[in-house]
2 protein chains.
Amino acid sequence: MPLTVEEIAGIHAYWRAANYLSVGQIYLRNNPLLHRPLTVNDIKPRLLGHFGTTPGLNFVYVHLNRIIKARRLSMLLITGPGHGAPGILANTFLEGSYSETYPNIQQDADGLKLFFKQFSWPYGIPSHCAANVPGSINEGGELGYSLVHAYGAAFDNPNLIVPCIVGDGEAETGTLATSWHSNKFLNPVTDGTVLPILHLNGYKIANPTVLARIPQEELEQLFRGYGYTPYTVEGDDPEVMHRKMAETLDRIFDHITVIRADAASQYPPQRPAWPMLILRTPKGWTSPHMVDGKQVEGTWRSHQVPLDEVRSNPEHLTLLEEWLRSYKPEELFDNRGRPVPQLLNLAPKGDLRMSVNPSANGGELLKPLVLPDFRDYAVKCNVPCDANEVSATKILGDYLRDVIRYNAGSRNFRIFGPDETASNRLQDVYQATSKQWEGEVLPVDENLAADGRVLEVLSENLCQGWLEGYLLTGRHGFFSCYEAFIHIIDSMFNQHAKWLKACKELPWRKPIASLTYLLSSHVWRQDHNGFSHQDPGFIDHVANKQSEVTRIYFPPDANCLLSVGDHCLRSRNYINLIIAGKQPTHTYLNMDEAVRHCTEGLGIWAWASTCAPEEKPDVILACAGDVPTMEALAAVTVLRNWAPGLKVRFVNIVDLFTLETPGEHPHGIDDENFERIFDQESPVVMAFHGYPTVVHKLTYKRRNHASFHVHGFRGEGTTTTPFDMTVLNQIDRFSLALDCVKYALPGEHDRVRQLYSEKMQQHKLYVAEHGEDMPEVRDWKWAAN
Amino acid sequence: MPLTVEEIAGIHAYWRAANYLSVGQIYLRNNPLLHRPLTVNDIKPRLLGHFGTTPGLNFVYVHLNRIIKARRLSMLLITGPGHGAPGILANTFLEGSYSETYPNIQQDADGLKLFFKQFSWPYGIPSHCAANVPGSINEGGELGYSLVHAYGAAFDNPNLIVPCIVGDGEAETGTLATSWHSNKFLNPVTDGTVLPILHLNGYKIANPTVLARIPQEELEQLFRGYGYTPYTVEGDDPEVMHRKMAETLDRIFDHITVIRADAASQYPPQRPAWPMLILRTPKGWTSPHMVDGKQVEGTWRSHQVPLDEVRSNPEHLTLLEEWLRSYKPEELFDNRGRPVPQLLNLAPKGDLRMSVNPSANGGELLKPLVLPDFRDYAVKCNVPCDANEVSATKILGDYLRDVIRYNAGSRNFRIFGPDETASNRLQDVYQATSKQWEGEVLPVDENLAADGRVLEVLSENLCQGWLEGYLLTGRHGFFSCYEAFIHIIDSMFNQHAKWLKACKELPWRKPIASLTYLLSSHVWRQDHNGFSHQDPGFIDHVANKQSEVTRIYFPPDANCLLSVGDHCLRSRNYINLIIAGKQPTHTYLNMDEAVRHCTEGLGIWAWASTCAPEEKPDVILACAGDVPTMEALAAVTVLRNWAPGLKVRFVNIVDLFTLETPGEHPHGIDDENFERIFDQESPVVMAFHGYPTVVHKLTYKRRNHASFHVHGFRGEGTTTTPFDMTVLNQIDRFSLALDCVKYALPGEHDRVRQLYSEKMQQHKLYVAEHGEDMPEVRDWKWAAN
């Protein structure tokens, strides 16, 4: 049924109000209702913000409001062009949610003045849809993640509609370009609905956009090819556009209703061609069309501040006042600055307002996972290395399988991976679930189903973005990845870490589940894949971020991995980085020991030391990481031979941030404990999984940091054997043993260097001849002496 | 004209030979020609490599060879599924180029044996199309960059055809998904031809691929929507497939001929719908169909090693022998192991062989740029700060404009940017050229043309990948980007750095032009955009890579930026990172001083010191970065007031790696010089652009490193003023001055801390009230005293 004239007038008034509020935020520090002519003193000293995209966002917003009211739908709006925050903020102001969240700003003239002034004002509201914008889970500062967040939010939320405004600028990014394919992973019965709205306003900062400059037919083919049914709304006459938009959205939501009803009657449901909307409106719509003889509206010149000389150029000031008055604020706000009732009535009420959709503050919805007792999966181990070698990640896979089972009913836990879940040896999870897949399935396929807890796609960006969207809307997840290639999402990690940090300063943002990475197929076990697969730099990247949100763990064996994994799934508001190999290897600690060790985060392993814990050692041999731990243990064996009687204290570090001081990181141990473990005089030779710098950085404030000699990845690698990788980077047992002697028994250094050289020669010759490592290395096992 | 039976037989034989050589590489260390039955001892101890994709690669290769011979085309092959290196290597062996590059391996039985054995053997050939594979510019280890490299190679190479095999796994990555849009930037007259070949073999490691499991109609719409004309070849019967492939490639190359001829007659040329090929063949094609009762050929089970128990399971060994013999090696190689003449004759000769295409060894083609004298663009500066404030990047833009002009005829220099060239103030380059753009152009547009030297797209991945492809094929380029968002390409940077390092070890790989980044809109000038835009972590990322390929520069002013920029454009085989702000600021050095300073890389600024260079200072105030330099200079001013008589030595660092020892980095200065500048006792207070750790890492081996107190980015940020960003992270002038007093005049610390607190309060109050920085900060200028 077409809209009545009154309905259109109402929608148009609401849109004008949102636009007015948007321009006000960009320009005004005073005179918010234009009760008197505008003067230079009403204008902010710095003009910041992005108007270009804003009227389009406001247009979408008011029309979605109509749908919400008419159909009583729960909608979480994702705003890709987050730079258009003035528009989203304007809508939260009109809906009243802004005042509810920030009671210092009420819907009146004083509130309005402050609301305007604080935008892009120091310590005010940032210019993107950041964490402090009610209803936002996607900042849209760094572009490209809107659609992947939308899909992440929609998984397991069958009653949620996620309209996602995709800017035509961000549509050029890699992540966005592949995000369209997320529809091959969305179940039309058990998941929610994503409605992509491609907003073609034609320009980026300085250039036309690709998708705005290809023929309409090509554009529609692209989206049909991506598996969608495109609808288009195009124009610049507001009245005509309101009609078109309303009518098209009605058709789209009818279409969605049909799709969901059809799917509910099918098993398995067919992948539908979900609707998507192409919205083509002028950039800077309703801003001054021409300024200084140049077209502004409809061009890139309206991207940020369409009039940028209002403080110095009286003509610009006049244009600004005309522009503001063109929205007829006197019809929209009463004398006290309160939006008139007709406007207020147009907005949905309560939780139906997009700005307070419960999913936008996921912590409110978060239910803890029901976790199995991780001790039940323990590798039996009476003394170190007496059990068969096991793949630590395979053991973790058993535990994760049961996490899936225990929470199957809640549908609030998922595993994400770039085609590597099985490669990382977590395949036992398929005993409890499948990989969700809405593409075609062939008889030969395994572990695929229309509904499943595992999401696999060959895109780290999609895995990361889906998981972020899933966590931000109050669920739990786990991401396993090859270590080297996790750098693909460095920048997404940055943005998520920044988001979490910002949330910690907002009491109304409730804690969400942590984002936990398991990096397997790590640098020391990519010998066969070669140099391109060898990179532990993500540790450095994480260690640069705020200590209140980052945790890094190096479980040395399967039992420790279980303990750490369980801990991470219980944690909130962190980013947990776990690094553990998938190759079968030794177990050193029984479960009780493992729990104690992981709880302390680091500790002396008396059984691996050649002197009593309270005794002053000649050298401290420290390690963090599974392969470094094995090499360090083997180094103790080597030292028994090369330097009998040398007093070695063995220290293992699981929780990397224990090395920092408590002032720098909450997990940092105090100096007294640090010096009890590392003492103040003994040299410390350390084998570290990553770049040595990380350890130097963390121990920088420790009094004895100068005694740390850290062996780690030095950037050397190639196609070779596993042990040779450690040799190339000098974290092998022999190099460690040599270094212990160098610092603890300098007089013996020359003699031992000779032994070392012989070993190295033996190793190199063996590898060259046999193409694999010497038996003494391959078959090494801890022996008490 | 359809192929004759003999032609098909020849092609098929060649394909069998390539497949045989591929299987041989994966399995055999001996008995390469199967002159006797296979035994366990003939098998390598570790079975590594990826067969699944390989027969498809070989199929494409032999058919492209036919086209090359028939049409005498110059083709550079890009292999996205680089894991299929056994296939590409097999072809280089058949073409003879392998033996030319590595004379120890000739086309005979001994050569074959070694060729097989060394594959994935320690220090042998890696399992991807790495730098040591002749003809490769795309390793394909980390997936997703094939198509963007192909376009980069094609720019300004009108006579080059770049067939690019895109794996259906890598097609799921973000970079690949947006790379298809590169056709909106490729000029059909002045650039070359990219022929994408989407190889649908259906599976990744463990999953079906998205594009293999959507209906053919949808798939074709996708590529039509991306702007291509899709052709499809599908099947598994080799004979039928050879016919189809030959016929389809003929149609495709006829189509390309028509497109290029049409384009040559148009001005500007229309964007053509370039052909692309969809090739659908079984994964692991020709491998054993069933193994242990499970289907292998045509499934993910053939991804790596289709038979993985040949050393322990006699049945597998038998299957392997049957498999190898199914290629009929006795027909393909003579008794001495040389490929039979019929095969050798099928390969193109000389430079027409894809494995020796000159563009694949870009350094061979590289011509130095003709560079203007950068001194001509100098900002006149008699004494520090006497010139007007200038935007350093704008000055560099003037210079780059002339670099473009001087090399217009050579068409070998391009500037790449994610919609930020003008935002980073390099817009003067548009006086000399335009942004290349093959999309629709409207009358209101500016600086767009079908042919131009600047490429802008809102994807850091495309910019990076295009530039890599352009450099690797022997040209020059420049990439300007916002500092925070360069992390998007962290992983691509890693791979390029690794590639360069590998090339340095291969004498036949000639040096290529360096990849130079200009990061502007940096952390200290993203106050307005807020926290999401504030991140200097790319410095850490670069500093982790090998010193032989990395350079990092912090020009403190426009004249230094000119000197550094010129230097970087002349350099080879490096990755240069330049960080310089775009906001108008002061010039400190005249051009002669700037050149001297940049050449030395760091030095004492006597004019900014309060004691003579040879005098022992109370404190050394060091700085790296434009904003840190300004704050450090201002701190000297503050100190004159707060602690008159304090002897301050002022040190500025342009070339960050001068801080490292010469053993760690070739730019490191020796200890004697280091201690001449920093001496051994005086405290060093340093203002650094990035995270302080970087400096601690680089100075770690210096005797006096413990005296370094580094102020840098501490992860604090928000929407605020520029000066407040420095305050938040304590690299502002007042914090620096306070720290100087703390270490140099501890007795005065309390008194000065009081002054400091007053200043801070004054600052905070002013910002809160005015929304901008205090005039004394905004208007600060160096004054001699």
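A disulfide here is a pair of cysteine sulfur atoms within 2.5 Å. By this rule the count comes to zero disulfides over all chains of this predicted model.

Let's look at two cysteines of chain A. Both rows below concern residues in no disulfide; buried means under 20% relative accessible area (exposed is over 50%, partly exposed in between; 1.4 Å probe, protein chains only).

| Cysteine | Nearest cysteine sulfur | Relative accessibility |
|---|---|---|
| Cys129(A) | Cys164(A), 12 Å | 1%, buried |
| Cys560(A) | Cys598(A), 3.9 Å | 0%, buried |

Now to the place where the chains meet. With contact meaning heavy atoms within 4.5 Å, chain B and chain A each bring 122 residues. About 9400 Å² is buried between them, and carbon and sulfur atoms give 53% of that area; buried area is the accessible area (1.4 Å probe) that two parts lose on being put together, summed over both. On the chain B side, Tyr123(B), Arg213(B) and Leu458(B) lose the most area to chain A, together 8% of what that side buries.

Charged pairs cross the contact too: there are 12 salt bridges between chain B and chain A, each a side-chain nitrogen of Lys or Arg within 4 Å of a carboxyl oxygen of Asp or Glu. Asp445(B) forms a salt bridge with Arg213(A), where the closest N and O atoms are 2.6 Å apart.

A few reading notes may help. Residues are numbered from 1 along each chain as written, and chains are lettered from A and ligands numbered from 1 in written order. Local features need pLDDT of at least 70 and side-chain atom pairs count only at pLDDT 80 or more, while totals for chains, interfaces and linings use all residues, and side-chain values use heavy atoms, leaving out hydrogens and water.
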